[in-house]
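Subject: Structure handover and findings

Hello,

Here is the structure I said I would pass on. My notes on what was found follow below it.

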Amino acid sequence: MIKSLLNKLGFTSAPFPGGITPDMCKWTENSAIEDCPLPPLFIVPIKQHIGQACTPLVQVGDLVLRGQKIAKSEGYLSVPIHAPTSGKVIKIEEHPIPHPSGMGLTSIFIEPDGKDERDTSLAPMQNWQDIDPSELRERVRVCGIAGLGGAAFPTFIKLLKDKRNPIETVILNGIECEPFLTNDYRLMVENSAEILHGLQIIMHMVGAKKAIIAIEDNKSEAVLAMQKVADSAENHAISVVSLPTRYPQGGEKQLIESLTGKQVPAGKLPLHINVLCQNVGTTKAIYDAIVLGHSMTDRIITVSGDAVPKPANMRVRLGTPMRFIYAQRGLENFDGIQILHGGPMMGERMRHPDIPVVKSSTGLLAISDERIKPAHQVEDPCIRCGHCSEVCPVSLVPNLLADHCRNDQLERAADYDLFDCIECGACSYVCPSHIPLVHYFRYGKGQTAQVRREQSFAEVSRLRSEGRDVRLQREKDEKAAKRRKVRDTLRSESVLNPENDAKSTAPSNIEGKE
Amino acid sequence: MEQLLYATLSLGAFALIAGIILAISSKVFRIEGDPLSDKIDALLPQTQCGQCGYPGCRPYANAVAGGDADVNHCVPGGERTMLSIADLMGVEPKALDEEEAVPVVAFVREDECIGCTLCIKACPVDAIIGAPKQYHTVVSDHCTGCVLCVDPCPVDCIDMIQKPELLEHWSWPLPDTERAQLGAERRESHHD
Ligand code: SF4
Ligand code: SF4
Ligand code: SF4
Ligand code: SF4
């Protein structure tokens, strides 16, 4: 089965449509992961994943240990936050987070005590084979694991053993198709055994029979390393596949299409076609959580770009300010430099470096203005060359879509499947007219969301207002009924004893008031 | 002559049949209410503020549907609402009466509230809770920002505050390229 799959892959080298092959700039591929020292102050935002924000559990002055839960998750789509090192909480207030808006979020400021003591309350589960998947899943949640590929989706949600949609294949995503980034690559080279162990845990948890480790062919060392551990494992259902390098192959739906030839339908999840996709970094974190009992307190980040004197891959504690990380790599003056959080294609420009890194921080780039400028030239009219549609991995028509977004024709944009766009930026990259296509799509999506929000609020308000009208009418009716009753009884009384006539004038007065 | 008779008769028969079908379908496919005003009402923001000169969104929708009011009187709805109503009615868009203001919600300074319940009576969407002689509070998730509760308050303890901008509700602005801005300016020009 896997052999045939491999054969198939050999013949069909480009199963997902479109894609580009930009200059990869993987300058840091040979620099081994270095530990980033502890900064003088950690800034830990209470939300580092997609979903609801957490509620702080600590107060100013509290002493915390590394890995101690400092904010608890709220709702289902949420994972807790842990202290990155041992130290003291010195304040809890709003601070900018890595977000394109530059807006802030409640953050817990921790001053390290230098001892870096770990909270050991979570027992290692070395015998995970004998433990019920639901218990392992709870551990993954408690340890705050969110997808480290950049999306930061709470991982435990995907690790569900669901009878209706049983997972047959686990895909380990080691593609890392963004230029510059090498954090997943270094992790595969240096921690291949742990990653494989993590993969086996995932397979146990979802009951999958086989797994594919997908790596692009520009990372031959990682292919070798993973192949070696996969061969030594008893479980021969794990295969390593090397795919031709193409952006955005690392996109979940694109990778699944590349490997299986099957498309995840719009609005559906990979599990609906019996596939689970996990990033290699996340898989290592799952290993740490289960086998070592460590909650998520650090991640690997590629620090690179032409403005960084000493590019490197670093193991950074979550909550370390970007300025401190850049300083470790010899960059201190940010004049004429653009900072990107994430890769150059999908990353977001940060306004200043005084922002902490979080679970979604795959890379920190610093690019000089001269280098980034050609990408931001004047927008010319579309010449209908069609390059954008050719490279779009989801087969959209970006030039028309951009027109609709620019003109606020939101419904029409939605008809052209605006929401299928994965914002990969391939179209903007190839456009000879320098049209910021993805930017238009982000604008269009935001506006559509806004309109939908307003519509649903209006609907609620309408119901509330109608409800109020009904209530007022009912109150009026009730009052009238009461009054009628009082009047009737009084009238019958006054008929019986006419000498009480004087009293009966009182109720009619009340009536006159209304 | 005979042909003429046949032609008249057969046409007459057709007309009769068509008439019967129309009569039946007008009964069978009857639509309750005024569908046009329903559609307009669905486009209005339901702030129920009365700034359009009508005592709420529904009356304004009825007036527009009946041709008694122009399409440009809803202030909170702003340009987008005006354009969609104009589109629905098939009329030319018109400049707005007033600039759209920033979204606000009411806030009761609780220590000053005397619990008179007058604001509750004024609120068109029942967004204020409280009992006589108790503090009153605005459920800001339900408040439409209509300002109707401010005047009735005898001790002036209700403020309209700017709705806090939520991170989750932030959305990307248009790119700042000239072409993108041109389009935006063109749309703005409806205001003048
Ligand atoms: S950004 Fe969207 S439209 Fe452009 S190529 Fe990627 S998926 Fe297609
Ligand atoms: S690549 Fe640019 S110029 Fe070519 S069709 Fe697409 S939007 Fe138009
Ligand atoms: S101005 Fe707009 S929101 Fe206010 S009552 Fe009139 S239609 Fe409703
Ligand atoms: S609380 Fe005040 S401003 Fe808000 S909806 Fe009610 S009356 Fe209007």
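A polar contact, as the term is used here, is a pair of N or O atoms within 3.5 Å; within protein, one must be able to donate a hydrogen and the other to accept it, and residues adjacent in sequence count only if both atoms are side-chain atoms. By that rule, domain 1 of chain B and domain 2 of chain B share one residue pair in polar contact, both residues being at pLDDT 80 or more. Please keep in mind throughout that this is a predicted model.

Domains of chain B

The domain assignment of chain B gives domain 1 as 35-89 and domain 2 as 102-163. Their centres, taken over C-alpha atoms, are separated by 25 Å. On the contact count, four residues of domain 1 of chain B meet six residues of domain 2 of chain B. The area buried between domain 1 and domain 2 of chain B is about 330 Å², with 62% of it on carbon and sulfur atoms. On the domain 1 side, Thr47(B), Gln48(B) and Cys49(B) supply 89% of the buried area, more than any other three residues. Besides the one residue pair in polar contact, the rule finds zero salt bridges across this interface. The side of domain 1 of chain B that touches domain 2 has one nonpolar, three polar and no charged residues.

Domains of chain A

Chain A is divided into domain 1 (1-30 + 120-294), domain 2 (316-369) and domain 3 (377-472). I looked at the pair formed by domain 1 and domain 3 of chain A. The centres of these two are 31 Å apart over C-alpha atoms, and 11 residues of domain 1 are in contact with 12 residues of domain 3. Together, domain 1 and domain 3 of chain A bury about 790 Å², 63% of it on carbon and sulfur atoms. Which residues of domain 1 supply the most of that area? Pro17(A), Ile20(A) and Gln254(A) supply 46% of what domain 1 of chain A buries against domain 3, more than any other three residues. Here too the salt bridge count is zero, while two residue pairs are in polar contact, with both residues at pLDDT 80 or more. By class, the side of domain 1 of chain A that touches domain 3 has seven nonpolar, three polar and one charged residues.

Between the chains

The contact between the chains involves 34 residues of chain A and 33 residues of chain B. Chain A and chain B bury about 3100 Å² between them, and 57% of that is on carbon and sulfur atoms. In chain A, the residues that lose the most area to chain B are Met103(A), Arg464(A) and Arg468(A), together 19% of what that side buries.

Three salt bridges are counted between chain A and chain B. In one salt bridge the side chains of Arg179(B) and Glu379(A) meet, at 3.8 Å from N to O. There are also 11 residue pairs in polar contact between the two chains, both residues at pLDDT 80 or more. The elements of chain A that give two or more residues to the side touching chain B are strand 8 (104-112) and helix 15 (437-496). Helix 15 of chain A gives the most, with 17 residues. By class, that side of chain A has 12 nonpolar, 10 polar and 12 charged residues.

A sheet in chain A

Strand 8 of chain A also belongs to an open sheet of four strands in the order 2-8-7-4, with antiparallel pairing. The edge strands, each pairing on one side only, are strand 2 (42-45) and strand 4 (63-64) of chain A. Strand 2 and strand 8 of chain A pair in the antiparallel sense over four bridges. Within chain A, Ile43(A) stands opposite Phe109(A) in strand 8.

Backbone points in chain A

Two places in the backbone are worth listing. The peptide bond from Tyr247(A) to Pro248(A) is cis, with omega near -5°; Pro248(A) lies in the loop between strand 11 (238-243) and helix 7 (252-260) of chain A. Asp116(A) has phi near 50°, a positive value in a residue other than glycine. Asp116(A) lies in the loop between strand 8 and helix 2 (133-142) of chain A.

Regards

Conventions: Residues are numbered from 1 along each chain as its sequence is written. Chains are lettered from A and ligands numbered from 1 in the order in which they are written. This is a predicted model: local features need pLDDT of at least 70, side-chain atom pairs count only at pLDDT 80 or more; totals for chains, interfaces and linings use all residues. Side-chain values use heavy atoms; hydrogens and water are left out. Contact means heavy atoms within 4.5 Å. Buried area is the accessible area (1.4 Å probe) that two parts lose on being put together, summed over both. A salt bridge is a side-chain nitrogen of Lys or Arg within 4 Å of a carboxyl oxygen of Asp or Glu. Ala, Val, Leu, Ile, Met, Phe, Trp, Tyr, Cys and Pro count as nonpolar, Asp, Glu, Lys and Arg as charged, and the others, Gly among them, as polar. Domain bounds come from an automatic or database domain assignment. Two strands pair if DSSP finds at least two bridges between them.
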